[in-house]
Protein chains: 2
Amino acid sequence: MIELAILGLLREQDLHGYELRRRISDLAGLKPAVSFGALYPALGRLEAAGAVKAVESATETAPTLPLTGSLAGEAAAFLARRRGARIGPGRSGRARKVYGITDQGEQLLVELLDDPSTDERTFSLKVAFCRYLMPQRRLELFERRRADLAGRLAGERTSRRTVGDRLDLYLRSLREHDNQTIQHDIAWLDGLISNERAALSGAADLEEDTTS
Amino acid sequence: MIELAILGLLREQDLHGYELRRRISDLAGLKPAVSFGALYPALGRLEAAGAVKAVESATETAPTLPLTGSLAGEAAAFLARRRGARIGPGRSGRARKVYGITDQGEQLLVELLDDPSTDERTFSLKVAFCRYLMPQRRLELFERRRADLAGRLAGERTSRRTVGDRLDLYLRSLREHDNQTIQHDIAWLDGLISNERAALSGAADLEEDTTS
DNA sequence: GTCATCATGTAAGCCGTTACATGATTGC
DNA sequence: GCAATCATGTAACGGCTTACATGATGAC
């Protein structure tokens, strides 16, 4: 899960651990921010597996620097630039360690995105990086999720009906709200799915045009 | 978390582990069902802490039996009744172990419900059992959650605005959907909150009537 | 000179899952 | 007799959090 986030972010841009943490946190409104105790070991594992590697360039990561977001982020980036330039080669003391993704890492990212383990928390992350999937796989991702939610809705209906009326007020409200949320999610997915289908058939048409 | 679910369910009715598992699973549409490897040790801990205790009565748990829900549940309950009566005293081999909640357990349940640790998954459970809270505490539970969600919404707005336009399509769709979901949650909470306030002021009015 | 922030890491512990072991009962 | 379901437990392992250790830098 954390590997997915790391690879997804590094796929776009080289980053060091501290900055990765911030970006992971505001990726999907992740509440309590992933901890360093999880992040650094994960980076270590990925490096050992050859999915990421430390890159030397302080000048490659920082220069154009496309605005990190929060004010704190801006300040940090500014400082990082100044320090990064100075540290470059021949550093002293504790310095930033900038990671970049490797070809193997890109492959692993796609594998993780493709893996059909239906995990509530992971799905958001997969959507966040699904642009790195082939269109067909992306569509399947959405469809799997849709089926999963639809199934939960169906399960809800059959079970518990016998109790029906004499159910606690709060419990009833909770269930109804859950159902609404799931339906909202399904509607959203339906939008994504039809977009994907349109894109796919559009591509097919193009191909047909080219072929014919 | 699992303790909360156990105590909440036992508060209403004596149950054995296997049945507890089923009920926990369809409490809030919990997806992959809590595992035995978590459930039984948790029951053990709670028993050691004096929050629950094994009850002898096969006749107390089973008799009126207010319809468990799923078809499988019904069948199980039917069988349980038959077997339970037979096993009663002088059982042989592996038998059901029915647990009941103690006064200490009820106290612990309220403490767990009151504990203001803002945990996504736990909140649903707390709502499911919030009827066991004092009205004031229940209101506070809802308000804490509301504030939490509102804060997340605000955080989303300030961050990331600088990037604005040049943001991946899927990421943008995801963010928008998340925001809508949060707003939906907030609206739901607002309903619950105003209900609680009405109930509280209604009770105050009554008291005033009695006092004056 | 002290505090906040940036930055990297390690160790202990929590909470859960998966897999395993055991065994009774019922239906085919 | 064999598979499925009910029923209780243990052991190994996984992934993440908390807390700790270290150290540089800049702001007040």
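Start where chains A and B meet: across this interface, 14 residue pairs are in polar contact, both residues at pLDDT 80 or more. A polar contact here is a pair of N or O atoms within 3.5 Å; within protein, one must be able to donate a hydrogen and the other to accept it, and residues adjacent in sequence count only if both atoms are side-chain atoms.

Before going on, a word on what is loaded: this is a predicted model, in which local features need pLDDT of at least 70 and side-chain atom pairs count only at pLDDT 80 or more, while totals for chains, interfaces and linings use all residues. Residues are numbered from 1 along each chain as its sequence is written, chains are lettered from A and ligands numbered from 1 in the order in which they are written, and side-chain values use heavy atoms, leaving out hydrogens and water.

**The interface**

Now select helices H7 (120-128), H8 (135-158) and H9 (169-211) of chain B, the elements that each give two or more residues to the side touching chain A. Helices are DSSP runs (H or I, at least four residues), numbered from the N terminus. Of these, H9(B) gives the most, with 14 residues.

Widen the selection to the whole contact (heavy atoms within 4.5 Å), and you will have 38 residues from chain B and 38 from chain A. About 3,500 Å² is buried between them, with carbon and sulfur atoms giving 56%; buried area is the accessible area (1.4 Å probe) that two parts lose on being put together, summed over both. Next, pick B:Tyr170, B:Leu174 and B:His177, which supply 18% of the area that chain B buries against chain A, more than any other three residues.

Then show A:Asp168 and B:Arg131, whose side chains form a salt bridge (3.8 Å, N to O). The term means a side-chain nitrogen of Lys or Arg within 4 Å of a carboxyl oxygen of Asp or Glu, and this interface has 2.

**The axis**

Superpose chain B on chain A, using C-alpha atoms of residues with pLDDT of at least 70 in both, by least squares. A rotation of 180° with 0.0 Å of shift along its axis does it, at RMSD 0.1 Å; that is the relation of a two-fold axis. Center on B:Thr181, whose C-alpha comes closest to the axis among the residues of chain B, at 3.6 Å.

**Last stop**

Finally, color chain A by pLDDT, the predictor's confidence in each residue, from 0 to 100. Chain A averages 81, but residues 59-93 stay under 50.
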